[in-house]
Amino acid sequence: MADKAEFNVGDKIGGYKVERVESLEKVNGTYYELTHEGTGARHIHISCDDDNNTFGVLFPTVPKDSTGVAHILEHTALKGSARFPVPDPFTSMGPRSLQTFMNALTASDWTMYPFSSRNEKDFFNLLDVYLDASFHPLLEEDAFMEQGIRLEFENPDDPNSELTFKGVVFNEMKGYAADQARVMYEAMGKAVFPDLTYANRSGGDPKDIPNLTWQALKDFHFRHYHPSNAFFFTYGDADVKKLLGFIEEKALGKFEKIDVDVSIPDQPRFKAPTTFDHSYPLAKEEDPSKKSQALVAWVTKHVGQSFDVLALKLLSQVLLSNAASPLRKALMDSGIGDALADGTGFHSDFREAVFAAGLKGVNTEEAGAVETLVLDTLKQVVNDGVDDEMVDAQLHRLEIEAREVSNSGYPFALKVFFELAGGYIYGGDPYAALQFDRDVKRLADERKKGRFFENLIQTELLDNTHRSLIVLRPDQELEVRRRDEEKAKLEEIQAKLTDAEKTKIVESARKLKERQEKKADLSSLPTLELSDIPMEFPDVPHEIVQMGTAKVGLFPQPTNGLTYVDIRAEFKGLPDELKDYLSLFAYCVNRMGAGEYDYLQMAQRIAAVTGGIGSGASVRNVAGNGTFLEGFSISGKALARNHKPFLEIYKDILTGLYFDPKRLKELIAENTIQREQQVAGAGFQFAMSLAAAALSPASSLSERLGGISQLYTMRKLAELEEGQLGEVIEKLNQIKDFLFRNHNLAICVTSEEKNMAEVQALLEDVLSPLETSPPTEAKPVEKTPKLKHIAKTTAVPVNYIAKVFRSVGIAHADAPALQVLGNLLRETHVHKEIREKGGAYFAHAGNSSENAQFIFLSGWDPNIVRTLQVFEEAVQEGIKGDIDPERFKEAVLSACGDVDPLESPDTKGRRRFFDEIAGYTTEIRQQYKRRLLEVKEADLRRVAETYLTKDQEAARAIVGNPELVEKANAELDLLFEVSPV
């Protein structure tokens, strides 16, 4: 039963009135809706026994253009406020805190400022800063210019040098303009909501961002960032009176209620379907054939109604979620494309929900055939009837989502918020969105009446003329054209500048640089002390048992009825030539047939009785001994009532996985196109992997498994015809035979105590047929990487840059000092030079104590030469002179937070079990944390000199724009080996 409510409807808590009180068994807590009577601010508080207290304030923000005003305001609001007038309180609070989450988010029609912390003092410190940033930001012109957009000469002091646009958000959105998934999402808004705010790019379009003025930004804040337009959310075990009183004292008590109209009307419905053409940049080296996407999108129901959202989400999953789903199967079997289009599925992040389906990897002229196929398939589903077993299977998956208490990705509290957000923001019932069982009961009643989903397809899709065919085409000249248009615009502006205007631009650049160079006085910011750091890692009770030669860890946890099973096999002795195929093998594990079941039947079984099964190959250094593990993992989860069929699926995979050539050909094409698209959105990860690969055999293998090398492998396989896949299948079978042996397995089971005996018995049945003898191992091939500097070019307007040194791992006495040094360099030099001055969106410095590497990294970066210079200067600049004691303390504090991440029942067992196998014992981690507190200033200088001054031994890599890479190579003494992605 949920805890008894502390307050009742009608109660007054300071200036708040309690409007609603409900029990919330989902978290064994109490749900409150409150209104602040003085301002009209709305507040939902969920009181529960969770010490990871969470706060968020959300403002509906409704841009009327694509200047990125809401996004740039989000950045600028966090650059100093009335009581915390420091240049960057948001970034500065990171190292002064033990926060478990801290961010700001801009969506299509709202902006939110959320954070969470397990430390009460820290929570209220952050709350103080967040409230002042939200309601009393300084919004200084310098901050707007730095974060948003400014004109500046290439040589800031020389008005005769080339004029440029600069700004963090400007460069961030340039990068996103090359990301197909983001381009498709924005195209969807334009296509189906042409009259509403969703037709604009809320993040900003680089060609429109220069039109935004500082005054327009301030006006937008005045209209939108007011308590009368605020939706608060809090969650956890904090004292409610104290929490609300703090918010009122620091923010709401200073305002009076006003009328704020940020309403979004219904989109007028199309009288006939439309077609919307859009393009994305493609590299000149790539073949543009079969590189288009075709997506059919409909506007459906309002997202504030939880039952409608459940029904449409469920319908979307029935139609599209797995290989046996009818619409997905029809699309993939058609041969028109290689994978589902970006944007396929159900979208509840608009005021009115969107359903979409389509294909990517198509020829542009076949877009109409995709639309016809989608419509014909939907008609066929209506005529044949929706399969009740598929509905039940997907309903079961949604039940798992509703039950699971996990902090993976986001803190669980924010997942709860996103569940209720539609009803909260758009005028529905937010509490109803958390009552999954109630909506399921209503759905059962509706299904009994017959043809519920068939009628839903008919009314919301087939009879709905508000439909658009979105065609996303590749354009090999687009990036060059954008660059030329920007250059022409700047030349036009520069030609018309008066001497006075040139002087003003020079003076503005000088003023901004002075502000950026000025040492920040952070004394106004609240902080934790080192004495506030919890030093002990909580114990995770468990039992280790042997099943044959397999090692099994049993971890009882309060999982709310779920069971997690993780199976890991070592692949160190696998022949080296097979390791390039491991990632493909992992992609196939839950997508192929096994035992007596073909891949469609396996897809249905997995959907019906599990919350998903996935797999992957990875490399991990062993703590303290210089070796590394090569692990292949299969992970899955299921409700306790499905233990038997869940583990029968594992048994079939381990004993009877097989590879059908036709299906394999489809999966290779699908996997290839997915990897190609990842480059634009996650280029910094690829750059880091490329650089690290030059420094150790472990990192080299890791790059082969998941980096650009793996993309090259998949492209070669994609060239093979179905009849040529025999050799590939033989290699996959060799991998299977090597991995799936009892001798080779380590298994982690996380479940409730009462379930352990049953799971253990079933697991013994899974393992009993497996070969127990060790596989024949190939002679180890430990390739010593060659130190080189690599640049991979593609159709992106910005760059992702990495520089990596060899360092030491967690067990080495110098590792804590290196981590503190990394945090210090990031906060005192790298962030300022690369993000604030250089305009890159992302800048990082830090030591990886697992990979034994010290990493400098930038992303969405307009510079190459300057960024590499910053990397080279960072060490000397960061530690020259006396190190500020407060900055030093912050670097230690944030390092302690890094080694104690937020966990939840689903991750505690997994982390403890596999950490122990890799040598990351509780004792090692405890020793590491203790050593962090023992680090002295002299240690930073010593480790910097020992590990980071041999610049010739560092590896560098770039994933970036071809012209910018070519220009950088011409300027640098150090040459990069350049080749296209």
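Two strands are taken to pair if DSSP finds at least two bridges between them. On that basis, this predicted model contains an open sheet of six strands in the order β18-β19-β23-β20-β22-β21, with mixed pairing. A further open sheet of six strands follows the order β26-β27-β25-β28-β24-β29, and its pairing is likewise mixed.

**Sheet β18-β19-β23-β20-β22-β21**

- The edge strands here are β18 (543–547) and β21 (613–621), each of which pairs on one side only.
- From one strand to the next, the twist of this sheet averages 20°.
- Strand β18 pairs with strand β19 (residues 550–556) in the antiparallel sense, over five bridges.
- Within this part of the sheet, Gln546 has Lys551 in β19 as its bridge partner.
- Helix α12 (residues 388–403) lies across β20 (562–570) and β22 (628–639).
- The direction of helix α12 runs at about 105° to β22.

**Sheet β26-β27-β25-β28-β24-β29**

- The edges of this sheet are formed by β26 (842–848) and β29 (977–980), and each pairs on one side only.
- The twist from one strand to the next averages 15° in this sheet.
- Helix α28 (residues 865–879) packs on the sheet and touches β25, β27 and β28 (955–960).
- The direction of helix α28 makes about 145° with that of β27.
- Seven bridges join strand β25 (residues 799–806) to strand β27 (residues 853–861), and the two pair in the antiparallel sense.
- Ile801 has Ser858 in β27 as its bridge partner.

Key:
Residues numbered from 1 in each chain as written. Predicted model: local features only at pLDDT ≥ 70, side-chain atom pairs only at ≥ 80, totals over all residues. Heavy atoms only, no water. Helix = DSSP H or I, 4+ residues; strand = E, 2+ residues; numbered from the N terminus. Axes fitted to C-alpha atoms, helices over the stretch in contact; angles between N-to-C directions. Contact = heavy atoms within 4.5 Å.
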